[in-house]
Amino acid sequence: VEDVAAVLEVARRIRIDVDQHLIAVDGQDISGMVRTPEVSAASSTIAQYPEIRELMVRAQREIGERGDFVCEGRDQGTVVFPEALCKFFLTASADCRARRRQNDLLQRGIPIDFDELLQQQQQRDHRDSTRRSGPLTPAADAMVIDTTGMSMEEVIERMKTEVSRRVRELLDLNSGTGHQASNHTTGGPWT
């Protein structure tokens with residue numbers, strides 16, 4: 001992952017497909033591999049390379065043109081889809097995030113030491129927030145939600161409430177001008 005030229009060659013050659021929860025590279029399902037500690041560490045390193053980021057942003061935008069969707073990532077609202085209708089920046093305490101990640105990995109049969117995971121997470125956060133290209137930062141118009149102490153259901157409900165509010169505002173704005181809201185107006189990426 002430290003060889004920029006080799007990574008760039010692979011990035012130019014591969015075909016990435018996303019369909020619902022399925023992620024495929026050159027037709028091979030890699031969905032289960034995406035959130036492994038090895039892939040997380042590698043992606044954070046690779047994300048520092050501007051040439052790779054440019055290719056991946058282009059690929060993500062092409063995927064986004066296929067219709068309405070929800071995406072997640074550390075620069076989705078600031079770089080990849082800055083015009084998204086709804087943007088959320090989810091945060092939580094370091095311990096809470098590490099505990100959630102550890103539980104997620106354990107459920108998939110991947111044991112990892114909590115302290116090691118916490119250290120990896122802090123290193124990745126530092127690397128991602130200090131990189132020059134697409135640093136980890138909330139978009140100016142993102143709703144920041146501290147999820148510490150919240151269940152996944154509570155977070156989803158809070159996000160759904162905000163999405164509904166923003167769509168209502170958009171529909172009210174469009175009906176006030178005599179224009180009918182189209183799927184194009186209300187659709188698109190929600191990060």
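**Exercise 1. Determine how many disulfides the predicted model contains, and examine the surroundings of Cys71.**

Solution. A disulfide requires a pair of cysteine sulfur atoms within 2.5 Å. By this rule, the count in this predicted model is zero. Cys71 illustrates the result: the cysteine sulfur nearest to that of Cys71 belongs to Cys86 and is 12 Å away. Cys71 is therefore in no disulfide, since the cut-off is 2.5 Å.

**Exercise 2. Decide whether Cys71 and Cys96 count as buried or exposed.**

Solution. The class "buried" applies under 20% relative accessible area. Cys71 has a relative accessibility of 15%, so Cys71 counts as buried. For Cys96 the value is 17%, and therefore Cys96 counts as buried.

**Exercise 3. Describe the open sheet that contains β1, and identify the strands at its edges.**

Solution. Begin with the order of the strands: the open sheet has three strands, arranged β1-β2-β3, and the pairing is antiparallel. Next, consider the partners. β1 (16-19) and β3 (28-29) each have a single partner strand, so one side of each is left without a neighbour in the sheet. These two strands therefore stand at the edges.

The pairings can then be taken in turn. Four bridges link β1 with β2 (residues 22-25) in the antiparallel sense. Within this pairing, Ile16 has Val25 of β2 as its bridge partner, and Val18 lies opposite Ile23 of β2. Between β2 and β3, which also run antiparallel, there are two bridges. Here Val25 is partnered by Gln28 of β3.

**Exercise 4. State which residues take a positive phi in the hairpins of β1 with β2 and of β2 with β3.**

Solution. In the hairpin of β1 and β2, two residues lie between the strands, and Gln20 has a positive phi near 55°. The hairpin formed by β2 and β3 also has two residues between its strands; in that turn, Asp26 has a positive phi of about 50°.

**Exercise 5. Characterise the position of Asp17: its element, its accessibility and its contacts.**

Solution. Asp17 belongs to strand β1. Its relative accessible area is 24%, a value between the limits of 20% and 50%, so Asp17 is partly exposed. With neighbours within four places in sequence set aside, Asp17 is in contact with Leu22, Ile23, Ala24 and Arg66. Glu51 serves as a further reference point: Asp17 and Glu51 are separated by 34 residues in sequence and by 20 Å in space, C-alpha to C-alpha.

**Exercise 6. Describe how helices α5 and α6 pack, and classify the residues of their contact.**

Solution. First, the geometry: α5 (residues 94-107) and α6 (residues 114-130) pack at an angle of about 115°, and their axes are 9 Å apart. The crossing of α5 past α6 is right-handed. Secondly, the participants: α5 contributes Ala94, Asp95, Arg97, Ala98, Arg99, Arg101, Gln102 and Leu105, while α6 contributes Phe114, Leu117, Leu118, Gln121, Gln122 and Asp125. Thirdly, the classes: six residues of this contact are nonpolar, three are polar and five are charged.

**Exercise 7. Summarise the protein chain by its secondary structure, extent, burial and contacts.**

Solution. The chain has eight helices and seven strands. Its C-alpha atoms fill a box of roughly 55 × 40 × 30 Å along the principal axes. Of its 191 residues, 31% count as buried. Among contacts in the chain with a separation of 6 or more, 64% are between residues 24 or more positions apart.

Key
Residues are numbered from 1 along each chain as its sequence is written. This is a predicted model: local features need pLDDT of at least 70, side-chain atom pairs count only at pLDDT 80 or more; totals for chains, interfaces and linings use all residues. Side-chain values use heavy atoms; hydrogens and water are left out. Axes are lines fitted to C-alpha atoms, for helices over the stretch in contact, and angles run from 0 to 180 degrees between N-to-C directions. A crossing is left-handed if the near helix is turned anticlockwise from the far one by less than a right angle, and right-handed if clockwise. Contact means heavy atoms within 4.5 Å. Ala, Val, Leu, Ile, Met, Phe, Trp, Tyr, Cys and Pro count as nonpolar, Asp, Glu, Lys and Arg as charged, and the others, Gly among them, as polar. Two strands pair if DSSP finds at least two bridges between them. Buried means under 20% relative accessible area, exposed over 50%, partly exposed in between (1.4 Å probe, protein chains only).
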